[in-house]
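Trainee: I'm new to this one and a bit lost. Could you pick one charged pair, take me through it closely, and then show me how its surroundings fit in?

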Amino acid sequence: MAAAEENSSMFLIFILTMIALPLVPYTIMRLCRAATVKAKTIHCRCSGCHRSGKYRKSIYKRISNFSTCSNLTILLLWIVMIFLVYYIKHASREVQVFEPYSILGLEPGALESDIKKSYRRLSIQYHPDKNPDPEAHKYFVEFISKAYQALTDPVSRENYEKYGHPDGRQGLQMGIALPKFLLNMDGASGGIMLLGIVGLCILLPLMIAVIYLSRSSKYTGNYVMHQTLSTYYYFMKPSLAPSKVMDVFIKAAEYMEMPVRRSDDEPLQKLFVAVRSELNLDLKNIRTEQAKFWRQHPSLVKMELLIQAHLTGESFALTPALLKDYRHMLELAPRLLEELVKIALLPRSPHGFGWLRPAIGVIELSQNIIQAVPLSARKAGGGNSEGIAPFLQLPHFTEATVKKIARKKIRAFQELCDMSVEERVALLTQVAGLSDEEAQDVELVLEMIPSIEVDIKCETEGEEGIQEGDVVTMYAWVSLHRRNGLTAALPHAPSFPFHKEENFWLLLADAASNEVWLSQKVSFMDEATAITAASKAIQETQEALGASAKEIGIAVREAVDKVKAGSRLVMGKFQAPAEGNHNLTSFCLCDAWIGRDTKTNLKLKVLKRNRAGTRGHVAEEGLVAEDGIEEEEEEEEDEYDDYESEYSDDEDDKSKGKGKVANGVAHQRADSDIDSDNDD
């Protein structure tokens with residue numbers, strides 16, 4: 001019996017060990033990571049964001065944030081471990097080694113008279129005739145009597161004193177770390193138990209794995225369905241206009257799977273009337289256009305109306321069922337839009353380049369969804385090529401407010417940002433009619449708005465000049481500045497009910513041919529990762545150039561200082577095109593703010609390849625030969641306009657500064673949005 005109990009406790013110790021081996025280090029890692037992550041008090045503090053409640057740390061939100069699957073699993077495993085430790089400790093007390101001297105309360109080697117005296121004393125206390133307690137009777141029979149018998153018999157006593165056991169020398173005993181009930185099985189019960197163990201330990205994990213793999217096979221690493229990517233790839237076109245991006249975006253499989261209820265018909269009809277002006281319907285054939293709109297798939301109709309309700313601020317009129325679908329739609333929107341940008345940037349042209357126009361259109365749609373600004377607000381008017389959309393992302397701003405400040409010659413968003421605080425407060429309170437508290441909200445948001453500076457150059461590593469066919473490396477330092485001094489921050493988005501981090505897309509493109517040569521997403525949220533990436537990239541580049549250890553250390557320290565100051569290093573490689581001067585543009589596009597996109601013009605001069613000569617000699621000849629061409633190209637620089645949103649005119653194209661730099665190097669600080677032009 002004791003052996004069975006010992007085997008049972010060994011089984012529990014085995015289970016405890018198997019749980020503790022992965023759980024303890026994983027818990028330590030999670031605690032260390034939580035201790036190193038700083039509390040994010042980097043969100044907007046205006047009254048609109050405060051009322052939204054998404055940054056409010058209530059008890060319910062704290063519990064919901066903690067109640068993730070991983071956290072609950074860790075907590076449950078720790079509870080199981082504590083229970084096992086307590087149970088094993090309690091069981092070890094019950095399984096005691098038979099020690100007759102200790103049972104009788106004597107020292108080893110006691111005299112026989114002392115043994116008899118102790119036995120009589122314990123008999124008076126535990127004998128059944130003296131103590132009717134069943135536990136006392138059990139203890140007397142199993143321990144006291146056996147101990148007295150072992151010590152009064154000469155052979156048993158000698159064996160115990162010599163070998164530690166009344167029966168003499170004992171053989172080697174081995175236990176099995178199995179529970180007690182498994183050791184007492186026989187017959188049919190053993191077969192049933194064996195089938196149960198096979199089902200629990202083999203079939204059940206196998207079924208869980210099959211279910212998990214069947215579900216996970218539908219999704220990519222970004223939790224977007226493969227069917228969605230196929231749909232986006234099919235409908236993506238090189239000349240996709242911004243107004244048509246919406247039609248592609250709502251075709252996601254996640255949206256198509258959302259339920260369509262009969263009870264939604266009447267609310268959707270009312271919503272259609274409220275947002276009809278934003279649906280790009282032909283007013284001359286309004287009946288035909290309306291009929292065509294309602295003939296679409298019901299899921300497409302529902303999604304487009306819900307998105308337009310969000311953009312126009314009509315979501316307050318939604319029913320509870322539609323409101324649930326509306327929140328789910330917005331929750332999926334950021335990652336679906338990110339995948340749609342990647343689809344637009346996939347290499348498809350004969351030269352392996354992506355498409356610029358649809359990529360900018362998708363990012364513009366992302367900006368409008370995050371800021372809840374209608375797409376029609378991007379339409380140029382009143383001498384403003386970028387429309388009133390940047391103004392409408394500010395709290396308490398309406399179309400009437402924009403018209404009021406336009407009377408004071410403030411027509412561009414950058415003009416409002418460049419004003420001093422005193423002048424801006426006076427404008428907002430005296431001209432726009434805002435209260436002091438509302439003007440303070442505007443100031444808080446303007447302090448959060450990022451200003452982007454891009455320093456970019458293209459070169460062939462270790463060579464002078466760029467020849468056709470070379471592998472060209474692009475080095476770009478993207479620097480972010482805010483008036484409040486923060487680098488990492490969450491955007492002002494009171495109407496978007498979920499946390500959304502700022503992301504920037506750096507595109508090196510040929511706007512005239514609608515081709516994107518290089519693209520990369522840039523984030524300013526994780527400084528440690530940016531330092532590691534920049535240090536590694538600079539170190540590898542310097543080592544390839546044959547720099548000394550001291551020079552490498554200096555370059556790495558400079559890169560780390562830049563990252564800590566709010567810059568991010570972006571590197572990429574591409575093959576040099578054919579000989580000639582290529583007018584490129586680097587776009588830095590934000591997916592959360594409207595009017596914060598920047599662009600830098602870059603002239604890339606590619607020399608003719610001379611396989612027989614040295615590269616340095618060819619570069620010198622190429623520079624002389626291309627002087628005349630370069631002058632001609634400078635005159636034609638303004639011939640090709642960058643891609644413009646279809647919601648804007650080209651009135652102010654000439655008024656905006658463009659950083660044009662030759663020889664593959666450009667440096668520009670710009671806060672203005674991408675110039676707009678009619679896409680059609």
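Mentor: Let's start with Lys-270, which is exposed, with a relative accessible area of 55%. By "exposed" I mean over 50% relative accessible area, while "buried" is under 20% and "partly exposed" is in between, with a 1.4 Å probe and protein chains only. Before we go on, keep in mind that this is a predicted model, in which local features need pLDDT of at least 70 and side-chain atom pairs count only at pLDDT 80 or more, while totals for chains, interfaces and linings use all residues. Residues are numbered from 1 along each chain as its sequence is written, and side-chain values use heavy atoms, with hydrogens and water left out.

Now, the partner. Lys-270 forms a salt bridge with Glu-266, and their closest N and O atoms are 3.8 Å apart. That term needs a side-chain nitrogen of Lys or Arg within 4 Å of a carboxyl oxygen of Asp or Glu. Because the two sit four residues apart in helix H14, about one helical turn separates Lys-270 and Glu-266. Helices here are DSSP runs of H or I with at least four residues, strands are runs of E with at least two, and both are numbered from the N terminus. Glu-266 counts as exposed as well, at 54% relative accessibility. As a bit of background, side chains of opposite charge can pair when their charged atoms come close.

The structure holds 14 salt bridges, and another one to look at joins the side chains of Arg-261 and Asp-325, at 2.5 Å from N to O. This pair ties together distant parts of the chain, 64 residues apart: Arg-261 is in the loop between helix H13 (253-256) and helix H14 (265-275), and Asp-325 is in helix H17. The two ends have their own settings: Arg-261 is partly exposed at 24% relative accessibility, whereas Asp-325, at 6%, is buried.

For a pair with both ends buried, try Lys-500 and Asp-591. Their salt bridge has its closest N and O atoms 2.9 Å apart. Again, distant parts of the chain are linked, this time 91 residues apart: Lys-500 is in the loop between strand S3 (471-481) and strand S4 (504-510), and Asp-591 is in the loop between strand S7 (580-590) and strand S8 (598-606). Elsewhere, salt bridges with shared partners join Arg-261, Asp-264, Lys-302 and Asp-325 into one network.

Follow that network to Asp-325 and you're in H17, which brings us to the nonpolar interior. A nonpolar core is a set of buried Ala, Val, Leu, Ile, Met, Phe, Trp, Tyr and Cys residues joined through side-chain atoms within 4.5 Å. The largest one has 118 residues, and Phe-249, Tyr-255 and Phe-397 have the most contacts inside it. Helix H17 (residues 320-344) gives this core its largest share, 12 residues. A contact, by the way, means heavy atoms within 4.5 Å. Leaving out residues up to four places away in sequence, Phe-249 touches Tyr-232, Ala-333 and Leu-340, among others. There's also a second, separate core of 14 residues, including Trp-477 and Val-560. Such grouping has a general background: in soluble globular proteins, nonpolar side chains tend to be buried together.

Helix H16 (residues 298-312) is worth a stop too. Of its 15 residues, 13 are buried, so H16 is largely enclosed by the rest of the structure. Its end C-alpha atoms are 21 Å apart, which agrees with the 21 Å expected at 1.5 Å a residue; the expected span is 1.5 Å times one less than the number of residues. Just after H16, Gly-313 takes a positive phi of about 75°.

Finally, step back. The chain has 27 helices and nine strands, and buried residues make up 44% of its 680 residues. Among contacts between residues at least 6 apart in sequence, 71% join residues at least 24 apart. The chain exposes about 37,200 Å², with carbon and sulfur atoms supplying 56% of that area; such areas come from the Shrake-Rupley method with a 1.4 Å probe, and for residues only the protein chains shown count as cover.
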